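Biologist: Got a minute to go through this one with me? I'd like the overall picture and then a few spots in detail.
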Amino acid sequence: MRSSVDAATVTWTMRVAVFVSVLAPLTIASGVDAWNDVARVATSVIAWALWAVALLCVLVPASVSLTALRLAVPTLLVSSVASLLADTTSASIAASIVVLVTVLLVFAAEIGDSFVQVSAYGDERRHLLHCPPTSAATQVLAWLIWVATGVVSVAAANSGAWVLAAATGVLFVVACATLPRRFHRFSRRWLVRVPAGLVIHDHVVLAETAMFPKRSVAAVRLSEGDDAADLTGGVRRLGVRIDLTDFETIVLAATKSDPGGRAIHAKSVTVCPSRPGRAVRELTTPPPSTT
């Protein structure tokens, strides 16, 4: 019961923080008042759009909303800090602190689990999986480049370098149209309990969804660094081990060395949910009777 209370507390705190982060676009508008018209309007529009996206995601939670929220709020923080550097006031400092706290909250494991669960079908129970370290580094780098094109475009417009502003602006728009789909793959990595058994839905590590019927699952327990087939993507922390009654075929995602993917036969596998202890408790507790 405690974990559910904690999750609810984190979720409601995040909702309040997102709402209060309206301070960011308000202070940004005043902080860039001395910029030229194009740079000022572009900065204000982007800031308000980011906050509106974050608020909409909170009002309509889903796995897609989780991706959008985790992109919008950190980008809003960058805008808020840039405004703070341009015009340091107590209001802009407070806004930056609020958005920083919001960033920490939206990346909490409880938020990830609650958002992906809203998208679940019927009796599914989804547990969001940890992002593999190499993939996380790639995502951060892509996000930094994406944000940098927007910052450079606005700064160039403010200084009158219109060719650079247009070029980086086009890159920013193209990135807005293409990168979110790639980021969203990591909000769709789940360990799922369904009435028929367990499912590992992970198109980053697996070429095909791994499905284990209930009769094939011998045990589910916490595990760290054992001999089970590693389906974590290289996450080195406490995971969840699924022991099977017999060998099952699992197809790993394509790599440079195996462009067609690679099939393995495993009698036990390890995955890494964001909250492994909670996942084991829920996966080993029979669902409540509907009768």
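Modeller: Sure, we can start with the whole chain and then move on to a helix pair and two loop residues.

Modeller: Keep in mind that this is a predicted model.

Biologist: Okay, how many helices and strands does the protein have?

Modeller: There are 9 helices and 8 strands in the protein.

Biologist: And what does the C-alpha trace span along its principal axes?

Modeller: About 70 × 45 × 30 Å.

Biologist: How much of the protein counts as buried?

Modeller: 46% of the 291 residues. The accessible surface comes to about 14800 Å², and carbon and sulfur atoms account for 66% of that.

Biologist: What about contacts between residues at least 6 apart in sequence, what share joins residues at least 24 apart?

Modeller: 67% of them.

Biologist: Switching to charges: how far apart are the mean positions of the positive and negative ones?

Modeller: They are 1 Å apart, counting 24 positive and 19 negative charges.

Biologist: Now the helix pair. How do the axes of H2 and H3 cross?

Modeller: At roughly 175°, and the axes come within 9 Å of each other. H3 covers residues 37–59. Angles over 145 degrees count as roughly antiparallel, so H2 is roughly antiparallel to H3.

Biologist: Which residues make that contact?

Modeller: On H2, Pro 25, Leu 26, Ile 28 and Ala 29. H3 brings Thr 43, Ser 44, Ala 47, Trp 48 and Trp 51.

Biologist: Where is Val 22 placed?

Modeller: Val 22 is in the loop between helix H1 (2–20) and helix H2 (23–31). Beyond its neighbours within four places in sequence, Val 22 is in contact with Trp 48 and Trp 51. Those two tryptophans are also among the H3 residues that contact H2.

Biologist: And how far is Val 22 from Ser 63 in space?

Modeller: 23 Å, C-alpha to C-alpha, with their positions 41 residues apart in sequence.

Biologist: Different spot: where does Arg 189 sit?

Modeller: In the loop between helix H8 (162–184) and strand E2 (190–194).

Biologist: Is Arg 189 buried or exposed?

Modeller: Buried, because its relative accessibility is 1% and the cut-off for buried is under 20%.

Biologist: So what is Arg 189 in contact with, leaving aside neighbours within four places in sequence?

Modeller: One stretch is His 127, Leu 128, Leu 129, His 130, Cys 131 and Pro 132. Then there are His 201, Asp 202, Val 204, Val 205 and Thr 232. As for Val 204, its C-alpha is 7.7 Å from that of Arg 189, and the two are 15 residues apart in sequence.

Methods. Residues are numbered from 1 along each chain as its sequence is written. This is a predicted model: local features need pLDDT of at least 70, side-chain atom pairs count only at pLDDT 80 or more; totals for chains, interfaces and linings use all residues. Side-chain values use heavy atoms; hydrogens and water are left out. Helices (H or I, at least four residues) and strands (E, at least two) are DSSP runs, numbered from the N terminus. Buried means under 20% relative accessible area, exposed over 50%, partly exposed in between (1.4 Å probe, protein chains only). Contact means heavy atoms within 4.5 Å. Accessible areas come from the Shrake-Rupley method with a 1.4 Å probe; for residues, only the protein chains shown count as cover. Lys and Arg count as positive and Asp and Glu as negative; His and the chain ends are not counted. The place of a charge is taken as NZ of Lys, CZ of Arg, CG of Asp or CD of Glu. Axes are lines fitted to C-alpha atoms, for helices over the stretch in contact, and angles run from 0 to 180 degrees between N-to-C directions. Angles under 35 degrees count as roughly parallel, over 145 as roughly antiparallel, 65 to 115 as roughly perpendicular and the rest as oblique.
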